[in-house]
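Please look at how the helices pack in the model shown here, and then at its aromatic rings.

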Amino acid sequence: MFTRPHTFLASRPFRLISLVYFSTYLVANSIDTISSTLSPSPIAHTTSGPSKFVATSAVNMSLCLYKDSQFAQMFGAAAAGRNPIPKASYALFALRDCLTVFASFNLPPLVAPLLSDDLDKVASKASVAQILVPAAMQIVSTPLHLWGLDLYNRPGASMAERIRQVGRNWVGSTAARMGRIVPAFGFGGVINSKVRRRLMATLEEPAVD
């Protein structure tokens, strides 16, 4: 990646991941703008309502399902046979993505007011919630991710075998997913909110003759 960045940026895995994140933020920002336009709220206001969750989840989930099906076929143990992705895996991946979207776009505005005011001395409560909540959700969503992958990689495994496999990989995979989610929806969410707020604020400024 560091010696040949152009090869990494042009790779199919990077393009698939970029498509997921770009589309997810585009829909979330669009819903925020539409919501603030149709309501008396300031144009820079962000919503945590169900419309944002449904729209963002639908886009993120559909693109993530496509991405994961491609990743499973490219990197999975059954890649040589190009086995079809089980429907149960799709369902688990969909639930995983809904939890991540909810924790990234809907929960932080609800959690931020519950945090201690002392945090504002270091960073805004909104920023802290935006970073911590998506990361914490990976503790719950990672087992769903691992179970879905195991259904594809080991179609004949027993329930007990799957539980042991998920248990063995839970801590490491959770840390790895936190390492991916925090930059994407934690710091990425903080940056997105600040950039959008500044851009929207310019639209509210009165025109100067």
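H3 passes H4 in a right-handed crossing (the near helix is turned clockwise from the far one by less than a right angle; left-handed if anticlockwise). The model is predicted: local features need pLDDT of at least 70 and side-chain atom pairs pLDDT 80 or more, while totals for chains, interfaces and linings use all residues. Residues are numbered from 1 along each chain as its sequence is written, and side-chain values use heavy atoms, without hydrogens and water.

Helix H3 covers residues 50–75 and H4 residues 87–111; helices are DSSP runs of H or I with at least four residues, numbered from the N terminus. Their axes, lines fitted to C-alpha atoms over the stretch in contact, are 8 Å apart at an angle of about 135 degrees. H3 and H4 are therefore oblique to each other (not under 35, over 145, or 65 to 115 degrees). Among the residues in contact (heavy atoms within 4.5 Å) are Phe53 and Leu65 in H3 and Phe102 and Phe105 in H4.

Phe105 also pairs with Tyr25, edge-to-face, at 5.6 Å between centres and 75 degrees between planes; rings pair if their centres lie within 6.5 Å, and planes over 60 degrees apart count as edge-to-face. Because Tyr25 lies in helix H2 and Phe105 in H4, this pair ties together parts 80 residues apart in sequence. Both residues are buried, that is, under 20% relative accessible area with a 1.4 Å probe, protein chains only.

The whole structure has 5 aromatic pairs. In one of them, Tyr21 and Phe185 have centres 5.2 Å apart and planes at 85 degrees, so the pair is edge-to-face. Tyr21, Tyr25, Phe105 and Phe185 form one aromatic cluster.

Key:
Phe/Tyr/Trp six-rings, centres within 6.5 Å; stacked < 30°, edge-to-face > 60°. Helix = DSSP H or I, 4+ residues; strand = E, 2+ residues; numbered from the N terminus. Buried < 20%, exposed > 50% of the residue type's maximum accessible area, 1.4 Å probe, protein only. Axes fitted to C-alpha atoms, helices over the stretch in contact; angles between N-to-C directions.
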